[in-house]
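Grab a pencil and work through the exercises below. Try each task before you read its solution.

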Amino acid sequence: MLTCDLFELSLTLKQNAAGHPVIEFSYYTDLPAGTRVILSCERTYKDMQDEECVWMGYNEVLFVEPAFYGDFNGGSGQIDVVESDKEALALFNEINSSFSSGVKTPVSDDIRVDLTVGARQRLRAFGKNNCELSGQMVECSGGVNVVRVSESLTIPMLSELQPIEP
């Protein structure tokens with residue numbers, strides 16, 4: 001049985017040499033090294049039906065590293081926000097069609113970084129669908145035990161990357 005009572009995510013806003021905003025992230029946990037974690041970076045907008053939609057940018061699969069923060073395992077990295085928004089715009093344009101419901105509002109300046117410990121772990125100790133995973137940080141989602149943490153920052157989106165004129 002694996003227990004997850006600790007999973008912390010920290011975000012810091014910096015700038016790279018090109019002047020782009022960069023989110024530096026770090027996380028630590030009581031889960032074992034080698035645990036698969038999915039990182040996603042997203043914003044939101046409203047479509048013409050006034051429904052909130054996800055502007056999906058940067059995604060990456062990470063693996064928890066041993067003894068990252070004192071006795072705790074974890075990891076770190078960075079996200080170039082402009083590159084993330086370019087990826088999101090390319091994906092939006094790829095799936096946008098005449099069947100699209102359109103965009104009613106500009107994409108939000110709020111950007112959320114999510115870390116998810118989902119199913120399909122390569123460590124057998126998790127069990128099928130993480131059935132052997134429990135603890136304060138664990139929730140059941142669709143019959144699978146998962147761990148999710150999120151943090152947000154407000155970072156203005158470049159107007160040229162908006163899918164509509166603001």
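Let's begin with the whole chain: buried residues make up 39% of the 166 residues in the protein chain, where buried means under 20% relative accessible area, exposed means over 50% and partly exposed is in between (1.4 Å probe, protein chains only). You're looking at a predicted model, so local features need pLDDT of at least 70 and side-chain atom pairs count only at pLDDT 80 or more, while totals for chains, interfaces and linings use all residues. Residues are numbered from 1 along each chain as its sequence is written, and side-chain values use heavy atoms, with hydrogens and water left out.

**Exercise 1. The overall plan**

Task: Find how many helices and strands the protein chain has, and the pattern they follow along the sequence.

Solution:
- Step 1. Count the elements: the protein chain has one helix and 11 strands. Helices (H or I, at least four residues) and strands (E, at least two) are DSSP runs, numbered from the N terminus.
- Step 2. Read along the sequence, and you get β-β-β-β-β-β-β-α-β-β-β-β.
- Step 3. Put a box around the C-alpha atoms, taken along the principal axes: roughly 50 × 40 × 25 Å.
- Step 4. Take the contacts (heavy atoms within 4.5 Å). Of those with a separation of 6 or more, 72% come from residues 24 or more positions apart.

**Exercise 2. The five-stranded sheet**

Task: Work out the strand order of the open sheet with five strands, and say which strands stand at the edges.

Solution:
- Step 1. The order is 5-4-8-11-10, and the pairing is antiparallel. Two strands pair if DSSP finds at least two bridges between them.
- Step 2. Strand 5 (52–63) and strand 10 (138–141) each have a single partner strand, so they stand at the edges with one side left without a neighbour in the sheet.
- Step 3. From one strand to the next, the twist averages 35°. For angles like this, axes are lines fitted to C-alpha atoms (for helices, over the stretch in contact), and angles run from 0 to 180 degrees between N-to-C directions.
- Step 4. Zoom in on one pair: strand 8 and strand 11 (residues 144–154) run antiparallel and are joined by eight bridges. Val-113, for instance, has Glu-151 in strand 11 as its bridge partner.
- Step 5. Now add helix 1, which lies across strand 4 (36–46), strand 5 and strand 8, at about 120° to strand 5.

**Exercise 3. The four-stranded sheet**

Task: Do the same for the open sheet with four strands: what is the order, and which strands are at the edges?

Solution:
- Step 1. Here the order is 2-3-7-6, with antiparallel pairing.
- Step 2. Strand 2 (7–15) and strand 6 (65–69) are the edge strands, because each has a single partner strand.
- Step 3. Neighbouring strands of this sheet are turned by 40° against each other on average, direction ignored.
- Step 4. Nine bridges link strand 2 with strand 3 (residues 21–29), and the two run antiparallel. One to look up: Leu-11 has Phe-25 in strand 3 as its bridge partner.
- Step 5. Helix 1 packs on this sheet too, touching strand 3 and strand 7 (72–80), and its direction makes about 75° with that of strand 7.

**Exercise 4. Rings that meet**

Task: Which residues form one aromatic cluster with Trp-55?

Solution:
- Step 1. A search of the whole structure gives five aromatic pairs. Rings of Phe, Tyr and Trp (its six-membered ring) pair if their centres lie within 6.5 Å; planes under 30 degrees apart count as stacked, over 60 as edge-to-face and the rest as tilted.
- Step 2. Tyr-45 and Trp-55 have ring centres 6.2 Å apart and planes at 85°, so this pair is edge-to-face. Tyr-45 is in strand 4 and Trp-55 in strand 5, so the pair ties together parts 10 residues apart in sequence. Both Tyr-45 and Trp-55 are buried.
- Step 3. For Trp-55 and Phe-92, the centres are 5.6 Å apart and the planes at 45°, so that pair is tilted. Since Phe-92 lies in helix 1 and Trp-55 in strand 5, the pair ties together parts 37 residues apart in sequence.
- Step 4. Put the pairs together: Tyr-45, Trp-55 and Phe-92 form one aromatic cluster.

**Exercise 5. A loop residue**

Task: Is Asp-71 buried or exposed?

Solution:
- Step 1. Locate Asp-71 in the loop between strand 6 and strand 7.
- Step 2. Its relative accessibility is 78%, so Asp-71 counts as exposed.
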